Amino acid sequence: MILGATAAAGASYVSARNAILGGIQDQTMLKLRDQVAAYLPTVSLPPTQATLDAFAAALKSSGALVVYHGRHSTTGMSVDDVPAALRQAVATSTNIMFERVDDHGFPLFFVGIPVQAGNEPSGLEVYAMVPLNQQQEAIDELARRAWLYAALTLPVAVAVALLAARQVLRPVRALNTAASQLGRGRLDVRLRVKGSDELAQLVTTFNNTAAELERTVGTLRAMEADARRFVADVSHELRTPLAAMNAVTDVLDEDAGQLPADTAVAARLVSAETKRLTRLVQDLIEISRFDAGRAELRREDLDVGAAVAGSLAARGWAPGAGIVTDLPPDVTAALDRRRLDIVVANLVGNALRHGAPPVEVTLRAEGGDVVLTVTDHGPGIPDAVLPTVFDRFTKADTARARSEGSGLGLSIARENARLHGGDIVAANTGTGARFELRLPREAW
């Protein structure tokens, strides 16, 4: 709009300027042509100096200069005043010629007429000069008015442009804000539809999309909640029969030596599978607590090195039997002892099952964190498994569908670490696998 107003002012100025100059040019050329045509019959060729002077005197109102083969009238305008380019053009043409010049800031308009005697050139050339001071002043005043009107129009144009832009951008901004809220999980966000233009159609489409997304996500969340509730219910229901089965298998283990060979093998197999099923159920119950948001921390000030050593000793993983420890004393942190024990048991147990000795367990304080590193010297973690090693039911050896572990241990370990505000990362060392547990020493 601003450019349009400026362009309109400029176009008006150019049009008026051309009209003013065109008017004076046409008037001057027509007047001089008519005067020359009226006086020419009285001129005898070749003219004498007196004839040239008389011709110029007859054209006195135009201040004309009459030239004939190098001679010129002695009254009025001087031959040196006429631009050389105009004289050359008139000498080689049969048409009226003109030229505008600027003489030290004063605009002048020159006209040159090659006089014809019948259909033949007479050799006479008539020149006239008109000052354009008044016209230039009129043009300058017109320019000032044009720029003044443009300047006065500019604020109005800016205000109208801003208002129009605001009317267009406001719904776009609202749509962008709503889309951001939708991306952050606010699935109930909706926009009010105004009008029936393209933006209104876009808002309608957005609202329909958001409604469908809310419905779909709601359905998926309900299904996920049902699945979690089902797993939790089944796990809890299995605890009672599993407790009875474990009691029976303990008796069978004690009496296995007195049973026939085939029966003893079967009894030990049932005992092992029952223990494995018990661990799986316990892991599923623990996972269901995390999913339901019911996992709680019971922090206490711990000597982390002593707590880790106690976890290893409780499982018979004494240093020297394939395990090397570096657990300096006085590394303290506010942690949940039971959950730290679960993490240590999973990391070290995983290293013993899938790696090779020695399994190195080291502890260090680093800034505001405690860092526990478990490193084995086995084959390491396959590259295809490494990105998902903490996912549920992930197993390093996919060819073995059944193994001693449940596939939930590392996932539970990471959930416990994150519950503390820390994390676990896994990497290959080239000679084995390394798991690094990092926990803040103080509660967040």
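A cavity, in the sense used here, is a set of grid points inside the protein where a 1.4 Å probe fits but cannot get out. With that in hand, let's walk through this structure, which is a predicted model.

**The cavity**

The structure holds 1 cavity of 30 Å³ or more. The volume of the largest cavity comes to about 50 Å³. Around it sit Val304, Leu335, Leu340, Leu363, Val370, Val371, Leu372, Leu437 and Leu439. Two elements, strand 10 and strand 12, each give two or more residues to this lining. Strand 10 is the top contributor, with 3 residues. What is the lining made of: nonpolar, polar or charged residues? It has 9 nonpolar residues, no polar ones and no charged ones.

**The nonpolar cores**

Next, the packing. As a rule, nonpolar side chains in soluble globular proteins tend to be buried together. Here, the largest nonpolar core has 33 residues. Val304, Leu340, Leu347, Ile424, Phe435 and Leu437 have the most contacts inside this core. Quite a few elements chip in with at least two residues each: helix 7 (304-314), strand 8 (332-336), helix 8 (337-354), strand 9 (359-366), strand 10, helix 9 (409-419) and strand 12 (433-440). Helix 8 provides the largest share of this core, 6 residues. There is also a second, separate core of 19 residues, with Leu52, Leu59, Ala128 and Leu132 among them.

Leu437 is a handy residue to look at, since the name turns up both in the cavity lining and among the core residues with the most contacts. Leaving aside residues up to four places away in sequence, Leu437 touches Leu340, Val343, Leu347, Val370, Val371, Leu372, Ala417, Asp423 and Ile424.

**A closer look at Thr373**

Thr373 lies in strand 10, which runs over residues 369-375. Is Thr373 buried or exposed? Its relative accessibility is 7%, so Thr373 counts as buried, the cut-off for buried being under 20%. Beyond residues up to four places away in sequence, Thr373 touches Glu360, Val361, Thr362, Arg364, Arg434, Phe435 and Glu436. Phe435, one of those contacts, is also among the residues with the most contacts inside the largest core.

**Salt bridges**

How many salt bridges does the structure hold? The count is 13. Here are a few of them:

| Acidic residue | Basic residue | Closest N and O atoms |
|---|---|---|
| Asp188 | Arg186 | 3.7 Å |
| Glu300 | Arg337 | 3.6 Å |
| Asp423 | Arg414 | 3.2 Å |

The Glu300 and Arg337 pair links distant parts of the chain: Glu300 is in strand 6 (residues 299-303) and Arg337 is in helix 8, 37 residues apart. Glu300 has a relative accessible area of 34%, so it counts as partly exposed. Arg337 is partly exposed too, at 42% relative accessibility.

Asp188 and Arg186 also fall in the partly exposed class. Asp188 has a relative accessible area of 48%, and Arg186 comes in at 44% relative accessibility. For Asp423, the relative accessible area is 27%, again partly exposed. Asp423 is also one of the residues that Leu437 touches.

Finally, some salt bridges share partners, joining Arg364, Glu366, Asp369, Glu436 and Arg438 into one network. Two members of that network, Arg364 and Glu436, are familiar from above, as Thr373 touches them.

Conventions: Residues numbered from 1 in each chain as written. Predicted model: local features only at pLDDT ≥ 70, side-chain atom pairs only at ≥ 80, totals over all residues. Heavy atoms only, no water. Helix = DSSP H or I, 4+ residues; strand = E, 2+ residues; numbered from the N terminus. Buried < 20%, exposed > 50% of the residue type's maximum accessible area, 1.4 Å probe, protein only. Contact = heavy atoms within 4.5 Å. Core = buried A, V, L, I, M, F, W, Y, C linked by side-chain atoms within 4.5 Å. 1 Å grid on protein atoms, 1.4 Å probe; cavity = no way out; pocket = protein on both sides within 12 Å on 5 of 7 lines; lining within 4 Å. Points joined across faces, edges and corners; volume = space filled by probe spheres on them. Nonpolar A, V, L, I, M, F, W, Y, C, P; charged D, E, K, R; others polar. Salt bridge = Lys/Arg side-chain N within 4 Å of Asp/Glu carboxyl O.
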